[in-house]
Amino acid sequence: MSSSVPRLVIAAPSSGSGKTTVATGLMAAFASRGLAVSPHKVGPDYIDPGYHALATGRVGRNLDAYLCGAELVAPLFAHGARGCDLAVVEGVMGLFDGAAGEGELASTAHVAKLLRAPVVLVVDASSQSRSVAALVHGFASWDPEVRIGGVILNKVGSERHEGMLREALDESGVPVLGVLRRVERVGTPSRHLGLVPVAERRAEAVAAVDAMASQVRGGCDLDALFALARSAGGLSGAAWDAAEALAFSPPPPLPVPVPGGSAPRPPYRAERARPQTPDGLKVAVAGGAAFTFSYAEHAELLAAAGAEVVTFDPLRDEELPEGTRGLVIGGGFPEVYAPELSANEPLRKAVAAFAGSGAPVAAECAGLLYLSRELDGLPMCEVIDAKARMDERLTLGYRDAVAVSDSVLAEAGSRMRGHEFHRTVVEPGAGVAPAWGVRAPARRVEGFVQQGVHASYLHTHWASAPGVARRFVERCVGSWATAG
């Protein structure tokens, strides 16, 4: 099977150049032409895909060569783009910026090469004229395997400024495919972790996406961009499929010593059979404005493992969905909604009772804060004996981790890759049975494993280890049988 979906990667020399405006605007502009547009984002960003989903009416998906491995980038892309007329991939940071100390790994350039996709470079031209040609020439010639098929000039001041830029770029051999004038910032406000998610401002976000589409339609050559997208090379191999991923999950690499923990156990065996699950086994996943960080593949894997995935909103719902046998609380912004979360005492008590019963609970980052005793002095679920608070320091980066303790997600010694992104601190940072041993940037243990609870700051992508979803659902089945 091969994928020949036309595709573009939208990149830039650096962050802040206008990638999100251009990528989201292109998605919406092409969708308004009646095309089925598949939206993608390079890296672990959870917020931009929400705007991409608004622009296209399809789930925004991430392509992360660090979290998932380079070998899964093309299959995951093909899974998301199946049946589409066009795919637009928004890059991350600067074109060649990847995982720290890992060369090109997880950079936009790396993903573009894995997808055999042409790159459109978005350049902030606000403070330059002829120098733009040197900049574009440098990016176009740096890696001959990365094909820069065109440039979109952003923040152009006037017709005269545009003329100077075009004249300079005539000598570069890279065509100008769009010119966006310097305008008031499109209404996409930011705060401590980036753009405010769509779920918190849906009406305003719809208006912002419409404004991006209008700006792109007025300044970009959509026909030329689509022609460039059609020049992408074919991709061989099958699209990723959750059921097939579960049917054969290869064992993880040999375990490595766990920082601060006991000697690791041998890796678990490869498993092929889908677990037999009772009809109606429900896994509740936290959603709403406070919990917006999730990968679509997690729910797909849980469903393929036999669970019925249901969503609940901790800001509004006073009890867990009826029949819940497993609970997943992902990332988001509980610190922004701490008063409302704290005020919903019935749900906090329901979550505490559920966790206290030994039922499976998986919590990442925001979920860890919600399960803590308190957040910024306000009572939370009190499942974890720890206090959480906002902090001025940003914790950000990829992590290479090893499971310290057996849990509902992993067997001790299993290796996973994760990502941290927060401005909060949990004290203590680890329980008696920590969740993970982190090897870099500093060796430490973090997170909490107790009864059926696994709570940690690390965001992980289960497509890299489908056995995580199967193990979680199996624990749900076991918990259900015990309760019965």
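Let me start with one pair of residues: Val 328 has Ala 362, in β15, as its bridge partner. The model I am showing is a predicted one. That pair belongs to the contact between β14 and β15, two strands that run parallel and are joined by 3 bridges.

Stay on β15 for a moment. What does β15 pair with besides β14? Strand β23, residues 453-456, pairs with β15 in the parallel sense, over 4 bridges. Here Ala 362 turns up again, standing opposite His 454 in β23. Are the faces of β15 covered or open? Both are covered. Val 361 and Ala 363 are buried on one side, and Ala 362 and Glu 364 are buried on the other.

Now the sheet around it. In what order do the strands of this open sheet come? There are 6 strands, ordered β13-β12-β14-β15-β23-β22, and the pairing is mixed. The edge strands are β13 and β22, the latter covering residues 448-450; each has a single partner strand, so one side of each has no neighbour in the sheet. From one strand to the next, the twist averages 15 degrees. At the β13 end, β12 and β13 run parallel and are joined by 5 bridges. One residue pair there is Ala 284 with its bridge partner Val 310 in β13.

A general reminder for anyone new to this: strands in a sheet pair through backbone hydrogen bonds, and the pairing is either parallel or antiparallel.

Next, another open sheet. It has 7 strands in the order β4-β3-β5-β2-β6-β7-β8, and its pairing is parallel. Why do β4 and β8 each have one side without a neighbour in the sheet? Both stand at the edges with a single partner strand each, so nothing in the sheet flanks the other side; β8 is residues 176-181. The twist in this sheet averages 25 degrees from one strand to the next.

I will take β3 as the example strand here. On one side, β3 pairs with β4 in the parallel sense over 3 bridges, and His 40 has Arg 61 in β4 as its bridge partner. β3, residues 37-42, also pairs with β5, residues 86-90, again in the parallel sense, over 5 bridges. In that pairing, Val 37 is matched with Leu 86, and Lys 41 stands opposite Glu 90.

How many residues of β3 are buried? The count is 6 of the 6, so β3 is largely enclosed by the rest of the structure. Val 37, Pro 39 and Lys 41 are on one face, with Ser 38, His 40 and Val 42 on the other.

Now to the empty space. The second largest pocket holds about 960 Å³. It is lined by 40 residues, and the closest to its centre are Phe 291, Thr 292, Phe 293, Ser 294 and Tyr 295. Elements giving two or more residues to the lining include β4, β12, β13, β14 and β15, which we have already met. Which element gives the most? That is α10, with 5 residues. By class, the lining has 24 nonpolar, 12 polar and 4 charged residues.

Last, the cysteines. How many disulfides does a search of the whole structure find? The answer is 0. Two cysteines are worth pointing at on the screen: Cys 365 is buried, with a relative accessible area of 6%, and Cys 381 is buried as well, at 4%. The cut-off for buried is under 20%.

Definitions and conventions. Residues are numbered from 1 along each chain as its sequence is written. This is a predicted model: local features need pLDDT of at least 70, side-chain atom pairs count only at pLDDT 80 or more; totals for chains, interfaces and linings use all residues. Side-chain values use heavy atoms; hydrogens and water are left out. A disulfide is a pair of cysteine sulfur atoms within 2.5 Å. Buried means under 20% relative accessible area, exposed over 50%, partly exposed in between (1.4 Å probe, protein chains only). On a 1 Å grid over the protein atoms alone, a cavity is a set of points where a 1.4 Å probe fits but cannot get out, and a pocket is an open set with protein on both sides within 12 Å along at least five of seven lines; lining residues have an atom within 4 Å of a point. Grid points are joined across faces, edges and corners, and a volume is the space filled by probe spheres set on the points. Ala, Val, Leu, Ile, Met, Phe, Trp, Tyr, Cys and Pro count as nonpolar, Asp, Glu, Lys and Arg as charged, and the others, Gly among them, as polar. Two strands pair if DSSP finds at least two bridges between them. Axes are lines fitted to C-alpha atoms, for helices over the stretch in contact, and angles run from 0 to 180 degrees between N-to-C directions.
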